[in-house]
Amino acid sequence: LEAKEEFSHKTLAMDVMRPRRSDPPLSVLTQDGMTVEDVETMITETTYSGFPVVVSHESQRLVGFVLRRDLTISIDNARQRQDGIVCTSRIFFTEYTPPQPPSSPPPLKLRGIMDLSPFTVTDHTAMDIVVDIFRKLGLRQCLITHNGRLLGIITKKDILKHVAQIANRDPDSILFN
Ligand code: ADP
């Protein structure tokens, strides 16, 4: 069964990426739809090193990637220094910030901390290619898309686990997988 499985299909990015089917959905930021409080909640409720930024939850179009560390530092700095940044301030990763209604607090512009071209592959990419790309480009993470919609993420640690799993199963199969 093991041998048949190995030769009958190649492992694809969709088999390794997170979230798995049973996992909660990917934690993403929207480019203009969140408040400082929303983002702070996401930071405290998760431990991920980074978050993809999408146009909207509906579209799941990828805009960029933000490191948790940079997000935390920027919000803390803004809270301390910038006049008027409060829980209800809207966060913008967009190039332009629409004028805010007079009654609302000033917006927080965070496009500057976003990686505008995070590495992506499609869900059907063979894992041997993904592993190769991680090695050659020294990636920390790679985002997985299908028809331009963001589906998931593979981190360097996911890659290491995947490689170790194959090695455990059959050292020779590394050549094929
Ligand atoms: P590491 O893989 O080094 O532990 P993370 O803490 O960022 O890095 O990720 C932990 C796990 O969660 C990994 O399996 C990764 O694929 C997944 N993951 C990373 N970022 C997110 C995210 N924003 N939403 C959902 N899952 C994520």
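Hi everyone, let's start at Met14, which sits in helix H2, residues 13-16. Helices here are DSSP runs of H or I with at least four residues, strands are runs of E with at least two, and both are numbered from the N terminus. Before going on, please keep in mind that this is a predicted model: local features need pLDDT of at least 70, side-chain atom pairs count only at pLDDT 80 or more, and totals for chains, interfaces and linings use all residues. Residues are numbered from 1 along each chain as its sequence is written.

So, is Met14 buried or exposed? Met14 is partly exposed, because 16 other C-beta atoms lie within 10 Å. For that label, buried takes 20 or more other C-beta atoms within 10 Å of the residue's own, exposed takes 12 or fewer, and partly exposed is in between, with C-beta atoms placed from the backbone. Setting aside residues up to four places away in sequence, Met14 touches Asp123, His124 and Ile144. Contact means that two C-beta atoms, placed from the backbone, lie within 7 Å. Now look over at Arg81: its C-alpha atom is 43 Å from that of Met14, with the two positions 67 residues apart along the chain.

Thr11 is in the loop that links helix H1 (2-8) and H2. Thr11 also counts as partly exposed, with 18 C-beta neighbours inside 10 Å. Its C-alpha atom is 6.0 Å from that of Ala126, although the two are 115 residues apart along the chain.

Next, the sheets. One open sheet has three strands in the order E1-E3-E4, with mixed pairing. Its edge strands are E1 (29-30) and E4, each pairing on one side only. Strands count as paired if DSSP finds at least two bridges between them. E1 and E3 run parallel over two bridges, and Thr30 stands opposite Val54 in E3. Helix H4 packs on this sheet, where it touches E3 and E4, and its direction makes about 75° with that of E4. Axes are lines fitted to C-alpha atoms, for helices over the stretch in contact, and angles run from 0 to 180 degrees between N-to-C directions.

Let's pause on Phe51, in strand E3. Phe51 counts as buried, with 22 C-beta neighbours inside 10 Å. Leaving out neighbours within four places in sequence, Phe51 is in contact with Ser27, Val28, Leu29, Val66 and Arg68. The C-alpha atoms of Phe51 and Ile153 are separated by 9.5 Å, and the two residues are 102 apart along the chain.

The other sheet I want to show is also open, with three strands in the order E7-E8-E9 and mixed pairing. E7 (120-122) and E9 stand at the edges with a single partner strand each, so one side of each has no neighbour in the sheet. From one strand to the next, the twist averages 35°. Helix H6 packs on the sheet and touches E8 and E9, its direction making about 65° with that of E9.

How do E8 and E9 pair? E8 (residues 141-146) and E9 are antiparallel over six bridges, and Ile144 stands opposite Gly152 in E9. The two strands form a hairpin with two residues between them, and Asn147 in the turn has a positive phi of about 50°. Strand E9 (residues 149-155) is largely enclosed by the rest of the structure, because five of its seven residues are buried.

That brings us to the largest nonpolar core, which has 33 residues; Leu29, Val53, Val66, Val130, Leu143, Ile144 and Ile154 touch the most other members. Such a core is a set of buried Ala, Val, Leu, Ile, Met, Phe, Trp, Tyr and Cys residues joined through C-beta atoms within 7 Å. Elements supplying at least two residues each include helix H3 (36-45), helix H5 (127-137), E8 and E9. Leu143, beyond its neighbours within four places in sequence, is in contact with Pro52, Leu62, Phe65, Pro118, Thr120, Leu150 and Ile153.

Finally, the ligand. Which residues come nearest to the ligand? Of the 13 around it, they are Arg18, Tyr48, Ser49, Thr155 and Lys157. Being near means a C-beta atom, placed from the backbone, within 6 Å. E9 and H6 (156-169) are the elements that give two or more residues to this shell, and E9 gives the most, with three. Thanks for listening!
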